[in-house]
Amino acid sequence: MGASFPVLQPVSEPIPENPASRGAARARWLWPLALALFVLFWQFGEGFAKWAFSYPRALEIPAARWIGRATKWLVDEASFGLFTFTDLTRFLAEIIDVPYRVALGLLSSGLLSGQGSSAVQHLPPLSWLAVLAIVALIGHHAGGARLAALVTACFGFLAVFGQWTSAMVTLASIVVAVPIGVVAGLLLGLAAWRWPFFERMLVPVLDLMQTIPVFAYLVPVLVFFGFGPTAAIVATLIYALPPMARVTILAMRSVPAEIRDLGNMIGCSRRQMTWKVMVPSAKDSLMVGVNQVIMLSLNMVIIASMIGAGGLGFDVLAALRRLDIGAGLEAGLAIVALAVALDRLSQAYAEKAGRPAAGIAAGGGFVSRHPYLVAALAIVVTTFLAGLAVPALQSFPERWQVSTGTFWSEVVRWINVNFFDALEAIRNVILLNILVPLKRLLGDLPWAGVVALLALSGYRLGGLRLAALVGVLSFLVAATGQWEKAMITVYLCGISVVFACLIGVPLGILAAERERLWRWLKLVIDTLQTLPSFVYLMPVVMLFRVGDFTAMIAVVAYAVVPAIRYTVLGLQRVDPRVVEAGRAMGCTSGQILAKIKLKLALPEILLGLNQTIMFALSMLVITALVGTRDLGQEVYIALTKADTGRGIVAGLSIAFIAIIADRLISAGANRIRERMS
């Protein structure tokens, strides 16, 4: 008789449903339901809930008036007993002014006595030959002969194209702002690393400093520190300091635990552990922060010229006001040359910091121990004496200078004459069929419904905490009376980001597959990223005049870089073994790209979208100069009127939009990563 097997009887009790599947089912109908309710409320809700479409003026938070009164109180009445708040700010300005005057004297004005037109020059500044030679020495010390040749060529460009004097004024500001920014950022980062409660307070402040438009805090800087280069340096510090603080926190945490244990084993005190163990171990990472401070300081030079910085930034701004594209482009390229030189030098020193230092013979004399310093001093003395005999060696002769300004102005004029009808047709098609309808659509949306949808998005992506943050920030935009202008900002930013991604993502996909194309494209986008934001405005204004379309073109040109860069980065990080597995299964090249590479690269592409939005928002404040009516225009008007409250409230509204976009996109990217892991 064969073996008998138990017969399975049907189970009468139902199998418990998986909670995760119930959650997924709810998620499928939640969004359609929410969107349907939003559309119904939008179409029919104004009759019984008018307050949800236009925030009641009687309930607005008078934040601008409060900030204005607080600023006036600080300037006129605030006192610390022995000195007033104004005395404190003026004292800080004087402290910054001393090294600036020294740097300006060495590089541009020389040793002066007296002020204004009555000033007398006792010693000339360093000659152009001396600066070129010293820069070459620094380049050789940092990275060898190739780097020395590159930075010498960059500074030579400044002399040959007649930008030397303005460039030296700008360099004097950078020479002062960068060390102060590096030291202040380092100290803040160390304090945040050591005391977690301080980090919790510092990080939101750093977020606001990086997301508030620069124009917004130019107003209080102007009120507190006055008009002039010192106030411009203070504004530059506020703009350039946050990355150094963030990099310091990350660098300290990335120091291997073995190094910290070694410091504890040999009995280091807390101070010794910080300055003799942790900071030296993280110096290569910290140099990345130094590089960021340098580049952001250079990016600030044009905007700071609005409150008296002078130099290349003032030249670009003046050219924009005259619509002189040739002069503006040359001054902008001079900033690029300066940026390239300082960027390569800082990167070379960062790489050098990561390598073991070469030893120096203990018995060597001063010359053998400091050959570059001795050579620099010898160059200064020699060129000073030579300059007294031959003036051309002191100041670069005008007859040797060249200019391409007229050529570029003629190019733009020729394009206008020959292609005006085509350009106007493109402008009208996009303006009438895309920009204007989208602007009206967003302007008609109920603020209460938008706030609710944003809060729901935050809840779905990051839980109650993110929902509360997004909901409160969006509500504050409406409650401070900025909703209408905020919607114009969102419309301009949104359409610009869409166009930037439509250009940048396909270019990134092509470049990721072709190494040679990526090398050339990387050179182009690196150059675009170093161009001052104002430079983008001049050609588009001359081609398309002022208005929203002009602003959109400038924003797209400025914001397309991160869309390209992060797409390439994401695709290049895809594990080659996964791609090979796809090929082994018979996938075509298109299937591998669409179903493997792009899916795995999606988190990085979303981060690129995040950065594209940040770039677009920062550029929108600049485009206020070409006639937009958004929050950027509000900030610019506040600057011209020195209205601190108005400028800060509008700036905070832009910062809130940036923070909302950043948090939602970052949460979405994290959700995608979790699903893939």
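Which residue does the side chain of D97 meet in a salt bridge, and what is the N to O distance? The partner is R101, and the two side chains meet at 3.4 Å, N to O. This briefing concerns a predicted model, and it takes up the charged pairs, then the aromatic pairs, and then helix packing together with two single residues. The structure holds 14 salt bridges and 17 aromatic pairs, of which a selection is described below.

**Salt bridges within one helix**

- D97 and R101 both belong to helix α3, which covers residues 85-109, and they stand 4 residues apart, about one turn of the helix.
- The two ends of this bridge fall into separate accessibility classes, since D97 counts as buried at 16% relative accessibility, while R101 counts as partly exposed at 45%.
- In helix α2, K72 forms a salt bridge with D76, and the closest N and O atoms of that pair are 2.9 Å apart.
- K72 and D76 are likewise separated by 4 residues, about one turn of the helix, and both lie in α2.
- K72 counts as exposed at 56% relative accessibility, whereas D76, with a relative accessible area of 49%, is partly exposed; the boundary that matters here is 50%, because exposed means over that value.

**Salt bridges between separate elements, and a network**

- E199 and R253 also meet through their side chains in a salt bridge, with an N to O distance of 2.3 Å.
- This pair links distant parts of the chain, as E199 lies in helix α7 (residues 196-211) and R253 in helix α9 (residues 229-254), with their positions 54 residues apart.
- Of the two partners, E199 counts as buried at 16% relative accessibility, and R253 is partly exposed with a relative accessible area of 48%.
- Beyond these pairs, K485, E634 and R646 are linked with one another in a network of salt bridges.

**Aromatic pairs and a charge over a ring**

- Among the 17 aromatic pairs of the structure, W51 and W447 form one that is edge-to-face, at 6.1 Å centre to centre and with 65 degrees between the planes.
- The pair of W51 and W447 connects distant parts of the chain, 396 residues apart: W51 is in the loop between α1 (19-44) and α2 (63-76), and W447 is in helix α19 (residues 447-462).
- W51 is partly exposed, its relative accessible area being 49%, but W447 counts as buried at 7% relative accessibility.
- A further aromatic pair consists of F155 and W164, whose ring centres are 6.5 Å apart and whose planes stand at 70 degrees, so the pair is edge-to-face.
- Both rings of that pair belong to buried residues, F155 having a relative accessible area of 2% and W164 one of 12%.
- W51 and W447 are also members of one aromatic cluster, which they form with Y55 and F475.
- At another place, the charged end of R194 sits over the ring of W195, at 5.9 Å from the ring centre.

**Packing of α3 against α6**

- Two packed helices are described by the angle between their axes and the distance between the axes.
- For α3 and helix α6 (residues 164-194), the axes come within 9 Å and cross at roughly 145 degrees, and the crossing in which α3 passes α6 is right-handed.
- On the α3 side, the contact is made by I96, P99, Y100, A103, L104, L107 and S108.
- On the α6 side, the contributing residues are T165, M168, V169, L171, A172, S173, V175, V176 and I180.

**Two single residues**

- T612 lies in helix α26, which spans residues 589-622, and at 0% relative accessibility T612 counts as buried.
- Leaving aside residues up to four places away in sequence, T612 touches V497, A500, A559, P562 and A563.
- K283 has its place in helix α12 (residues 283-299) and is partly exposed, with a relative accessible area of 39%.
- K283 and E351 are 68 residues apart along the chain, and their C-alpha atoms are separated by 9.8 Å.

Terms used
Residues numbered from 1 in each chain as written. Predicted model: local features only at pLDDT ≥ 70, side-chain atom pairs only at ≥ 80, totals over all residues. Heavy atoms only, no water. Phe/Tyr/Trp six-rings, centres within 6.5 Å; stacked < 30°, edge-to-face > 60°. Helix = DSSP H or I, 4+ residues; strand = E, 2+ residues; numbered from the N terminus. Buried < 20%, exposed > 50% of the residue type's maximum accessible area, 1.4 Å probe, protein only. Lys NZ or Arg CZ within 6 Å of the ring centre and 35° of its normal. Salt bridge = Lys/Arg side-chain N within 4 Å of Asp/Glu carboxyl O. Contact = heavy atoms within 4.5 Å. Axes fitted to C-alpha atoms, helices over the stretch in contact; angles between N-to-C directions. Left-handed = near helix turned anticlockwise from the far one by under 90°.
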